[in-house]
Amino acid sequence: MSMFKTVRGMRDFLPKDAENLRYVEQVTRELADLYGYEEILTPIVESHELLAAKSGEEIRQRMYVFKDLGGRKVALRPEFTASVARLVATKLRNAPKPLKLFSVGSLYRYDEPQYGRFREFWQANYELMGSEKPEADAEILTVTNHLLKKLGLRNYYIKIGHVGILRGILSQEDIVEQQQNHVMQMLDKKSWDEALTTIKQLGASQQCLTTLKKVFETRGKATFGILKKTEKTVQKYESAVAAVQNLRQILTLATTGNKFETLIEPGFARGLEYYTGIIFEAYVPELEIALGGGGRYDKLIEQFGGEPTPAVGVAPGIDRIVLAMKKQKNQFRIRTENRAVVIPVNAEMKIKAFEISSMLREVMIPTELEVTGRTVSKALSDADRREITYAVLVGPEELAEGKVVLRNLITRKQKTVEIKELVKKLKATK
Ligand code: AMP
């Protein structure tokens, strides 16, 4: 039989990789708690109809879709927002607002595997439902900034746009929503010329084309200057002007008291179709791909049959955050506790070694027991390799006096200590 491999695009997470992923996941969860976002768990398998409804053409075509044994057409979730919106439209329909919900888990997209792009990947997700106010958008930006900062990332910036700018212009030119979606997909792929040609074919005015061209050319890090310039560019389009003003309010709130770099890009579009307001993505200079993205989607919940509920959210991509942290050589976890290994020097010492290891674990000292019966020196070099702090050597002579040998694997010093003193010694700092 041939050797089994993982399916293309799927990955195994060996211990170090799993530890890194879980570390970032743990920090996302800590932040959820810090900001009052409650965790929910939704299924990986959802109805195809739900997931296909508003995700956008790009993601729709890349879903893992199949019929279950009961003949239901289902799909693996490619994002969290549809599931959260389903809940808010149904079981959480009457829950008091604002609703602040957090999820974290694996998502599935049949993307072409490449650097930072996997078919199974992990996201955290923060959704704030029930406020249309700029302070809600600003909070989501603040959470995003806080997460990246807390993970020790440097020089990151948040690219920010607003779908109301482009949609405002296109709507005033009588371009219908479906056609707008099509254009937005092109813009998401940075095919500006193709988008302009399509918009022209759809009958847009020369004024519209000139305005859009200028919008596409405008971007920069001087937040309020860029916004002012954009407002002037789109002045003939009332709702586009309102969108720029909305961005200004959001950014005034978000950048007061929190310093983070922004890249304002009014012509920026994202693949998901349901956005109605601010959209953004986070980047570090070392990676060309986004670490996370989000935006406002005020219509989705009513489209799913719920009460009209304005909403804004962000999805940090855990895999790419791990990649960025590795590029910047960041620390994933600071182990402060001592770890011990208990090694019986011969077979007769096994029972006592078992007893001592249980005693240490009882007081929550991470303790391993040597279980292979190999020589002490082999056991010690393995403990070294695995960065264990202390070895407890259980031998007959010391044991006769109620003692063991405690060896510090970092300083390589050892001494004979009373068994009843062990806990105190191991709890002390390194
Ligand atoms: P989206 O759900 O498309 O808004 O994506 C939000 C974030 O999820 C992105 O910024 C990425 O960090 C991450 N992400 C999306 N697709 C993938 C993928 N195929 N592989 C790894 N991470 C992804």
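At what angle do the axes of helix α10 and α11 cross? Before the answer, a word on the model: it is predicted, with local features needing pLDDT of at least 70 and side-chain atom pairs counting only at pLDDT 80 or more, while totals for chains, interfaces and linings use all residues. Residues are numbered from 1 along each chain as its sequence is written, and side-chain values use heavy atoms, leaving out hydrogens and water.

Now to the helices, which are DSSP runs (H or I, at least four residues) numbered from the N terminus. The axes of α10 (residues 223–233) and α11 come within 9 Å and cross at roughly 170°; axes here are lines fitted to C-alpha atoms over the stretch in contact, with angles from 0 to 180 degrees between N-to-C directions. The two are therefore roughly antiparallel, a label for angles over 145 degrees. Residues in contact (heavy atoms within 4.5 Å) include Phe224 and Leu227 of α10 and Val244 and Leu251 of α11.

Helix α11 (residues 238–255) also leads us inward, giving eight residues to the largest nonpolar core, the most of any contributor. That core has 103 residues, and Tyr126 and Leu141 have the most contacts inside it. Such a core is a set of buried Ala, Val, Leu, Ile, Met, Phe, Trp, Tyr and Cys residues joined through side-chain atoms within 4.5 Å, buried meaning under 20% relative accessible area with a 1.4 Å probe, protein chains only. Leaving aside neighbours within four places in sequence, Leu141 touches residues including Ile250, Leu251 and Ala254. A second, separate core of 17 residues includes Ala340, Leu369, Val394 and Val404.

Finally, the domain assignment gives domain 1 (15–327) and domain 2 (340–427), with C-alpha centres 52 Å apart.

Note on methods
Buried means under 20% relative accessible area, exposed over 50%, partly exposed in between (1.4 Å probe, protein chains only). Angles under 35 degrees count as roughly parallel, over 145 as roughly antiparallel, 65 to 115 as roughly perpendicular and the rest as oblique. Domain bounds come from an automatic or database domain assignment.
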